[in-house]
Amino acid sequence: MKKNWFGFLALLMILISCKSTRLETRDLIYVMIYDLDNNPVAGADLFVNGNFAGKSDIHGRFFITAAERINSSEKIDSSILIKVSKSGYEEIIQQTEIEDGEVFYFKTASWEQLLERAEILLDEDKTSEALDYIERSEKIAGNKEEIFYLKAVVYGKTGNGYEKLKALEKIKSEKNEPYKKAFLERFSENE
């Protein structure tokens, strides 16, 4: 009999302690961050109303609490500015009206994903759209040879020899390996 009574008390204490640590879902906003291929983006910095709120977890998730939404009047904002950033990815900034328990899905793109999309568009002869993706990639990654090469391809397809050579010159100035120099000379000769 004593064993049953002790077991019952232990179970009751466990249940009470679990209830006291449970999060109130009405006070949370869920943020899910994915890349263009629907993979979670882990380690993305999340800012709420300009204040750092934390990083997304391994599953690309983040929770915004009511405390992170309190404004200068000590009231909970129903409108917040969310900023998501991670090195190598496009930054997301969105002002939004919110309700507790709401889920926000954000899509961001890495510079590599943008270049992949640009290559697909080039294959479809959609040069202006491809150039847009290439320029977005350049904003994120800066001086990458892959970016300059694809820019040269776009400008070559559109007949803009001046911009094509400018893009090729940036590749030349980055490194001077013999195989690359020979390739670039041959590519430039087609102009």
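**Two nonpolar cores and an open antiparallel sheet**

In this predicted model, the largest nonpolar core holds 17 residues, and those that touch the most other members are Val31, Ile33, Leu46, Ile64, Ile82, Val84 and Phe106. Several strands contribute to this core: β1 (28–34), β2, β4 (61–65), β5 and β7 (103–107) each provide at least two of its residues. A second core, separate from this one, comprises 13 residues, among them Leu131, Ile134, Ile147 and Leu150. Such groupings fit a familiar pattern, as nonpolar side chains tend to be buried together in soluble globular proteins.

Ile33 offers a helpful view of the surroundings within the largest core. Once its neighbours within four places in sequence are set aside, Ile33 is in contact with Asn39, Pro40, Val41, Ala44, Leu46, Ser56, Gly60, Val84, Phe106 and Thr108. Three of these partners, Leu46, Val84 and Phe106, also appear among the core members that touch the most others.

It is useful to place these residues in the overall fold. The chain contains 6 helices and 7 strands, and from the N terminus the elements follow the order α-β-β-β-β-β-β-β-α-α-α-α-α. The 7 strands thus follow one another without an intervening helix, with one helix ahead of them and the remaining helices after them. Of the 191 residues, 32% count as buried. The accessible surface amounts to about 12400 Å², and carbon and sulfur atoms account for 53% of that area. Among contacts between residues at least 6 apart in sequence, 48% link residues at least 24 apart.

Turning to strand pairing, 4 strands make up an open sheet, with antiparallel pairing and the order β3-β2-β5-β6. The edges are occupied by β3 (51–55) and β6 (92–97); each has a single partner strand, so one side of each lacks a neighbour in the sheet. From one strand to the next, the twist averages 25 degrees.

At one edge of this sheet, β2 (residues 45–48) and β3 run antiparallel and are joined by 4 bridges. Val48 has Asn51 of β3 as its bridge partner. The two strands form a hairpin with 2 residues between them, and Asn49 in the turn adopts a positive phi of about 50 degrees. Towards the other edge, 6 bridges connect β5 (residues 79–85) with β6, again in an antiparallel arrangement. Here the bridge partner of Val84 is Ile92 in β6. Val84 therefore links the two parts of this description, being both a bridge partner in the sheet and one of the core residues that touch the most other members.

Technical notes. Residues numbered from 1 in each chain as written. Predicted model: local features only at pLDDT ≥ 70, side-chain atom pairs only at ≥ 80, totals over all residues. Heavy atoms only, no water. Buried < 20%, exposed > 50% of the residue type's maximum accessible area, 1.4 Å probe, protein only. Contact = heavy atoms within 4.5 Å. Areas by Shrake-Rupley, 256 points an atom, 1.4 Å probe, with all protein chains shown as cover. Pairing = 2+ DSSP bridges. Axes fitted to C-alpha atoms, helices over the stretch in contact; angles between N-to-C directions. Core = buried A, V, L, I, M, F, W, Y, C linked by side-chain atoms within 4.5 Å.
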